[in-house]
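Please set out the secondary-structure framework of this protein chain, together with its pocket, its aromatic contacts and some of its loops, for a reader who works with computed models.

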Amino acid sequence: MAAKTIGIFDIIGPNMIGPSSSHTAGALRIALLAGKMAKGRIVRADFVLYGSFAQTYRGHGTDRALVAGILGFGTEDRRIKDSFRLAKEAGLTYTFTTNTTKTDVHPNTVGITVTTADGAVTTVTGESIGGGSVLIKRINGVDIDLSGEYETILVKQTDRPGVVAYITRCLSDYNINIAFMRMYRENKGEIAYTIVEADEQIPAEVIALIEQHPAIESALLIQI
């Protein structure tokens, strides 16, 4: 088996505010990605903490980091420590619940439910896997894998023939090089998600073009 390549951030960690790359920076990145997966102004965020997150979330600032991520702050933002106050000023309500009985999850796992002003609800499950890196493992009941390390498009669609080919054609029309592209679904013909990770910046015009397909409900550009 080939040895895992070690990057600089595996050694020194990310630039960040807070005591822990996993419990602070990683938690913030999960919430930041979750916030970007919701279309509209977020007015409520409910967090369920598992494993070590559930045990140490206050002492490591995981709670403040999660709220800061929903507010759109980066890992170096000095406002993280004031995120509770800033959330109140922004009209964002939030709750924290710990789950210490579910053990078949990564130790640093959080489930996030975000509600927008128009009542739309998005559920996201993410894992903080070390060094500030994260994986989004589930969205709205569908298992996915999304790291947020690349310029990313998240497409919600009806699972029909030709939809993925259409997405690819839209990207080709703008000369966008695809680094990774994966489609996830629970059942044939139902709701599916296509995740496209690109090597370069994706213009907003591509998103508008993708959303013109009748089987595509939404396309979101995720940049962090």
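The report below treats the sheets, then a helix, the aromatic rings, a pocket and two loop residues.

## The two sheets

The coordinates come from a predicted model. Six strands make up an open sheet whose pairing is mixed and whose order is β2-β1-β3-β4-β5-β6. The edges of this sheet are formed by β2 and β6 (142-146), each of which pairs on one side only. On average, and with direction ignored, neighbouring strands in this sheet are turned by 20° against each other. Within the sheet, strand β3 (residues 108-116) runs antiparallel to β4 and is joined to β4 by seven bridges; Thr-115, for instance, has Val-121 in β4 as its bridge partner.

An open sheet of four strands, with antiparallel pairing, follows the order β8-β9-β7-β10. Here the edge strands are β8 (178-185) and β10, and each of them pairs on one side only, while the twist from one strand to the next averages 15°. Strands in a sheet pair through backbone hydrogen bonds, and the pairing may be parallel or antiparallel.

Strand β9 (residues 191-198) is joined to β7 by eight bridges, and the two strands run antiparallel. Strand β9 also runs antiparallel to β8, to which seven bridges join it. Seven of the eight residues of β9 are buried, so this strand is largely enclosed by the rest of the structure. The strands β8 and β9 form a hairpin with five residues between them, and in the turn Gly-189 has a positive phi of about 85°.

The table gives residues that face one another across to β9.

| Residue | Partner in β9 |
|---|---|
| Glu-151 | Ala-198 |
| Ile-153 | Val-196 |
| Arg-185 | Ala-192 |

## Helix α4

Helix α4 (residues 62-70) is mostly covered, with eight of its nine residues buried. The buried set consists of Thr-62, Asp-63, Ala-65, Leu-66, Val-67, Ala-68, Gly-69 and Ile-70, and it therefore includes the charged residue Asp-63. Just after α4, Gly-72 takes a positive phi of about 95°.

## Aromatic pairs

How many aromatic pairs does a search of the whole structure find? The search finds six. One of the pairs is formed by Phe-84 and Tyr-94, which are stacked with 5.3 Å from centre to centre and 25° between the planes; an angle under 30 degrees is what makes this pair count as stacked. The pair links distant parts of the chain, since Phe-84 belongs to helix α5 (residues 83-90) and Tyr-94 to strand β2 (residues 93-99), ten residues apart. Tyr-94 has a relative accessibility of 27% and therefore counts as partly exposed, as buried would require under 20%. Ring pairs link Phe-84 and Tyr-94 with Phe-47, Tyr-57 and Phe-96 into a cluster.

## The second largest pocket

The second largest pocket has a volume of about 230 Å³. Its lining comprises 16 residues, and those that lie nearest the centre of the pocket are Met-37, Lys-39, Thr-122, Lys-156 and Ser-218. The elements that contribute two or more residues to this lining are β4 (121-130), β7 (151-158) and β10 (216-222). By residue class, the lining of the pocket divides into nine nonpolar, four polar and three charged residues.

## Two loop residues

Asn-175 lies in the loop between α6 (163-173) and β8. Is Asn-175 buried or exposed? With a relative accessibility of 66%, Asn-175 counts as exposed, because the cut-off for that class is over 50%. Along the chain Asn-175 and Ile-202 are 27 residues apart, and their C-alpha atoms are separated by 9.8 Å.

Pro-203 is found in the loop between β9 and α7 (204-210). The relative accessibility of Pro-203 is 28%, so this residue counts as partly exposed. Pro-203 and Leu-221 are 18 residues apart in sequence, whereas in space they are 8.9 Å apart, C-alpha to C-alpha.

Note on methods. Residues numbered from 1 in each chain as written. Predicted model: local features only at pLDDT ≥ 70, side-chain atom pairs only at ≥ 80, totals over all residues. Heavy atoms only, no water. 1 Å grid on protein atoms, 1.4 Å probe; cavity = no way out; pocket = protein on both sides within 12 Å on 5 of 7 lines; lining within 4 Å. Points joined across faces, edges and corners; volume = space filled by probe spheres on them. Buried < 20%, exposed > 50% of the residue type's maximum accessible area, 1.4 Å probe, protein only. Pairing = 2+ DSSP bridges. Axes fitted to C-alpha atoms, helices over the stretch in contact; angles between N-to-C directions. Phe/Tyr/Trp six-rings, centres within 6.5 Å; stacked < 30°, edge-to-face > 60°.
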